[in-house]
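User: I am new to this structure and would like to learn how to read its features one at a time. Could you take me through them, giving the general idea first and then the case here?

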Amino acid sequence: MQFDIITIFPEYFVSPLETAVLKKARQKGLIQIRVINLRDFAFDKHKMVDDRPFGGGEGMVFKPEPLYRAIDALKAEPPAPWVVYLSPQGRLLNQNVVKELYEKRRLVLICGRYEGIDERIREYCIDEEISIGDYVVFGGEVAALVIVEAVSRLVPGVVGCKDSVEKESFSQGLLKYPQYTRPREFRGWKVPEVLVSGDHARIARWRRQKSLEITLKRRPDLLKKASLTEEDRQILRELGWKE
Ligand code: SAM
């Protein structure tokens with residue numbers, strides 16, 4: 001999986017890309033991440049990448065020329081990338097969108113700042129806009145990192161245990177069951193007895209039940225799209241679910 005990130009703050013990525021799982025995944029060659037400084041594509045004396053908006057108003061807008069050159073240079077390299085502009089106006093990111101992005105195999109991620117980027121680049125040069133949520137952050141860098149992390153988790157070998165990716169929240173349309181670790185009792189709070197019973201079939205049933213219960217309580221909207229068995233539906237009905 002390859003990521004090319006276009007930003008005016010390349011230093012923003014130094015620590016996240018050099019830490020823990022992303023660092024190891026890069027070292028193993030499972031993912032490739034390049035951070036491209038947009039200013040390298042600004043050919044004027046001051047390396048200007050932004051300018052005031054036509055029509056007046058607050059803030060600055062990324063000029064089209066440096067962005068166009070940067071995207072064009074990246075598109076010239078195979079394999080053809082999927083070009084994403086991180087934007088609060090984009091399609092909301094969720095696990096299904098993450099899977100779609102993973103299938104593209106190469107992503108160009110454009111990080112905006114200030115008032116965003118010239119509309120002509122949005123119209124003619126990008127494949128889609130993605131939002132990490134209905135709120136506004138300072139810049140696209142944090143959103144690009146969210147995509148890099150979420151997509152990298154799907155690359156075989158990046159997460160040590162394949163099971164943990166397949167069974168985590170959202171991967172099966174449900175939230176994940178609760179987890180406990182040692183000690184068995186902490187301040188009088190005990191671990192559920194079933195988890196220390198050694199009975200794997202019972203543990204699996206308990207976990208499925210908890211997953212359904214938690215999803216119903218916290219994110220009932222997810223149940224509409226989750227793949228549920230008749231037994232799951234029965235459990236949910238007993239918990240008060242109205243189909
Ligand atoms: N004026 C823009 C608007 O109202 O849509 C917001 C600009 S924001 C301050 C600067 C940059 O941060 C954007 O160009 C975008 O790249 C990024 N950004 C802000 N919020 C985001 C979000 N929710 N998802 C993805 N990117 C976001």
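**Reading the ligand site and the pockets**

Analyst: Around the ligand there are 21 residues, and the closest of them are Y85, L86, G112, G133 and Y135; a residue counts as near if one of its heavy atoms lies within 4 Å of the molecule. This is a predicted model, in which local features need pLDDT of at least 70 and side-chain atom pairs count only at pLDDT 80 or more, while totals for chains, interfaces and linings use all residues. Residues are numbered from 1 along each chain as its sequence is written, and side-chain values use heavy atoms, with hydrogens and water left out.

User: Which elements each supply at least two residues of the shell around the ligand?

Analyst: Helices (H or I, at least four residues) and strands (E, at least two) are DSSP runs numbered from the N terminus. Here the elements are β5 (82-92), β7 (128-131) and α6 (140-152), and β5 gives the largest share, five residues.

User: How many residues of the shell around the ligand are nonpolar, polar and charged?

Analyst: Ala, Val, Leu, Ile, Met, Phe, Trp, Tyr, Cys and Pro count as nonpolar, Asp, Glu, Lys and Arg as charged, and the others, Gly among them, as polar. In this shell eleven residues are nonpolar, eight are polar and two are charged.

User: Which polar side-chain atom lies 3.3 Å from a nitrogen atom of the ligand?

Analyst: A polar contact with the ligand is a pair of N or O atoms within 3.5 Å. The side-chain atom in question belongs to E115, while a polar backbone atom of S87 is also 3.3 Å from a ligand nitrogen, and a backbone N or O atom of G133 lies 3.1 Å from a nitrogen atom of the ligand. The protein covers 85% of the 580 Å² of accessible area that the ligand has on its own, with areas taken from the Shrake-Rupley method with a 1.4 Å probe.

User: Where does the ligand sit?

Analyst: Rolling a probe the size of a water molecule over the atoms shows where empty space is left. A pocket is an open set of points, on a 1 Å grid over the protein atoms alone, where a 1.4 Å probe fits, with protein on both sides within 12 Å along at least five of seven lines, and its lining residues have an atom within 4 Å of a point. The ligand sits in the second largest pocket, in the sense that more than half of its atoms lie within 2 Å of the grid points.

User: Which residues lie nearest the centre of the largest pocket?

Analyst: They are N94, Q95, N96, S169 and F170, out of 32 lining residues.

Key
A polar contact is a pair of N or O atoms within 3.5 Å; within protein, one must be able to donate a hydrogen and the other to accept it, and residues adjacent in sequence count only if both atoms are side-chain atoms.
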